[in-house]
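Colleague: I'd like a close look at just one part of this model: the disulfide question. Take me through it slowly, please, with the cut-offs as you go.

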Amino acid sequence: MTIPENTIALGKEVAIASIDKELHRLWEQDDARTNASLTNLAVYSEHPGGLEKNTQIIQSITREHACRSILIGMDRESPETSITAWITAHCHLAHGRKSVCCEQLSFHLTGRATGRLRNTVFAHLNSDLPLVFWWQGELSDIFSDRLYTLINRFIFDSAEWEKPAEGFAKVATASQASRSFFAFDLAWMRSHSWRLSLAALFDDPLALASLPKTKELNITAHRNQRTTALFVLAWITQQAGWKRSLELDIAADGDVFHFETQEGSEVVAKVSYDETSPLSEVELIAPNCKVRLHRNPDSEYLHQEICAGDHCIGQRAPAGADDPAQLLTDQLALGTKNTLYSKILPSMLELLG
Amino acid sequence: MANTNPFREDLVTRSQAAPCTVVIFGATGDLTHRKLVPALYNLAVEGELPPGVKIIGFARREKSDEVFRAGLKEINPKVSRSGHEAKIWDPFEENIHYHQSEFQDVDGYQRLADRLDEIDNGRGGKGNRLFYVASAPEFFDDILENLKKVGLNEAADGCWARVIVEKPFGTDLPSAKHLNEVVSRTFAEKETYRIDHYLGKETAQNIMVLRFANAIFEPLWNNRYIEQVQITCSENLGMEGGRGGYYDKSGAMRDMIQNHLLQLLSLVAMEPPTDLSADGVRDEKVKVIRSLRQWDTPEKVAENVVRAQYTAGTVDGVSRVGYREEDRVDPESMTESYVAVRCMIDTWRWSGVPFYVRMGKQLPKKATEISIHFKSPPSVLFNSDSSGTPGGNVLVIRIQPDEGISLRMMSKIPGANLRLEPVKMDFHYATSFGKGSPEAYERLLLDSMAGDATLFARRDEVEEAWKFVDHIERAWHESDNAPPMAEYTAGSWGPKEADDLLKQDGNEWRRL
């Protein structure tokens, strides 16, 4: 059996049969603590070391989102079938007054596991609270109807997928199969602050008036964030009402697409890739107006810029999260509303090719 | 293409704030330094402030832009919810300017108009304007009339000009009507935002969600199941910081009940609105205020209202002087520092249900809450011998501090005997949502930039509330048989007379 190397952070190892009893004991130790939970948050990883890494992430997430977290580390290649469990709690001082604690249950499973995941691990959900399931990495065959029919909010990061089209197809199947299954892509979430800031720039009447005359649209993203960049492109073009023209060039150093505005003028959209921030620039250029959002490497802020004629406005806005813990925290704060994502996804899949 | 920003569609679930210039009248005051500018700064931190928003502070003292900015910068780190970061403050500060003028000087307004035109020209033509009247109330008329004289009340095509008016919105019904007339001669009602910062508080906004998004409460929300409602605003401070001068002319009834607490009452008692539009909600709220039974004779006031002043005592272990010994308070003052009112709402839903509203200074702690007391179950089975045990369920909505909701219910004490005890299900915002709530002013400023007046008081709401309050004030101050002024010791929960008010109905105040 392969046990994670450093299990100290995972807390106390407990027998599966006595998890509830041990959790009860954990709370009996200190009356001053408040046990809080708004959701069940399951985090699934098939990466070695995933349990330890995700414990750190949960420690951060529970500062803002009280939840019962269930970490699942899976080693499907192991010939031996086993399951090991640990329990711990993450405590924070809420507004400097009260110690608020959230339980964490960690499971390490080896061998064939689909049935055990459902029957053993999910037997420990907090009843009546929704199940948020964060899947890290490629969707494996564990992601089946036996699993996703239990899930209320399914969170994944399409930027991690080698074959995003296949991953999106699996998620679409799950969405169609269960009315209570809502999918959330962290790649889409990663573009959230960019979309907000870009929308804010187009509140300026001059910028808004220049939108139909746009000639160039440039997006720069990190090489491993193609889906994030394409989500931004799909969102801009769909919201602006631009139609894809048949002309398609795949440039050597990025993607090039051609669109037509509602007024019939042509827009060349270029997506370039580099090694800096997940997204580092979005720029729309019209004859008399340039709208630009950019982010310097490692900066926490986006620079918003409109230059029209001889006047320029500049302002800073929060760049949003890069690290997975903050991304997930932001995603959880948005609740279950997902209409814009659902609306943009088909256009993005079309760009993905 | 339409004039609407297509990128806003579906992006956020609320109306969108538009770029504008915010002109604050009374810019050297505490409100500007401690609330308004920090709120705008926090909006910038959150990325919620539209790009290009300019702030112009309008006040009488001579000051340069630099001195004005330096004063704001000094206070901001102490009061800002999200701290102070130079990277955000520095570009934010560049958009803050100072405009010196007397409030009565029409030339000062003309110079302001020129300055605003200059800003708009720099932006390529037209711009939105938000005028925030945060000055002392005696200048409201001058400010509004002078804005009109120089045409600042009118917006360019496709733009808007709005006014936010701070409380007190009048001191009685005639003065409120006068002010409303001045405002309505200057700005259309839909461009007028009468601020009541209680409505910007997260828990106040949650009252409608609690009532109308949860199927379990609304069927019980009526006189068949609810015995009484209590709304309490308790303050553990007195007249610190020279506040006595203002307060002694106002009193608890005018300062808190007429606006904040009657607004909370209307949210609790309103019928479901047909939609969540500003007028949809305010139509229902005003019906509640209009349905308040009027205490229009001294006898009715004596029967249903208690006023009191605190005498020397101890709060939080610190000795406090009596109200009449406070700085800037008339030693023979007849202004109440405490008031308790039995409100009756003459509607089908609330007939016979008393709404007890109380507000007091120098009480043991700072807290604002609404408690809904449900009727006790029949005295059979478990309740046949429940003397001494409070039997009814109580739903408490805590407005501040420690925002949250709790529900008291009966439970069996473990053991062989059948004994019951009340237990509490408790929801704390801070525990469940670690992220701090935005300050009320942040939400309200953003809403006014977005043209959403839902959380602002409408003219008829204000006037109806004054009508209710004026009867009581007249009985206290103008009648020959004025109801007496009671006393309570600072640090106590109010006068005995307020306890007696509830005892007449067989009720008692909830212990906070």
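Modeller: First, a bit of vocabulary: "buried" means under 20% relative accessible area, "exposed" means over 50%, and "partly exposed" is in between, using a 1.4 Å probe and protein chains only. Bear in mind that this is a predicted model, where local features need pLDDT of at least 70, side-chain atom pairs count only at pLDDT 80 or more, and totals for chains, interfaces and linings use all residues. As for bookkeeping, residues are numbered from 1 along each chain as its sequence is written, chains are lettered from A and ligands numbered from 1 in the order in which they are written, and side-chain values use heavy atoms, with hydrogens and water left out.

Now the disulfides, meaning pairs of cysteine sulfur atoms within 2.5 Å. Searching the whole structure turns up 2 of them over all chains. One joins Cys91(A) to Cys101(A), with 2.1 Å between the sulfurs. The torsion about that S-S bond is about 110°, so this disulfide is right-handed. Cys91(A) sits in strand 5 (residues 82-94) of chain A and Cys101(A) in strand 6 (residues 98-110), so the bond ties together parts that are 10 residues apart in sequence. Strands here are DSSP runs of E, at least two residues long, and are numbered from the N terminus. As for solvent, Cys91(A) is partly exposed at 28% relative accessibility, while Cys101(A) is buried at 0%.

Then there's the pair Cys307(A) and Cys312(A), whose sulfur atoms are also 2.1 Å apart. Here the S-S torsion comes out at about 115°, so this disulfide is right-handed too. Cys307(A) is partly exposed, with 23% relative accessibility, and Cys312(A) is exposed, at 51%. Count the bonded cysteines along chain A and the pattern reads 1-2, 3-4.

Over in chain B, have a look at a couple of cysteines without a partner. For Cys20(B), the closest cysteine sulfur belongs to Cys159(B), and at 11 Å that is too far for a bond. Cys20(B) is buried, with 0% relative accessibility. Cys343(B) is in no disulfide either, as the nearest cysteine sulfur is that of Cys233(B), 14 Å away. Cys343(B) is likewise buried, with a relative accessible area of 1%.

Conventions. Helices (H or I, at least four residues) and strands (E, at least two) are DSSP runs, numbered from the N terminus.
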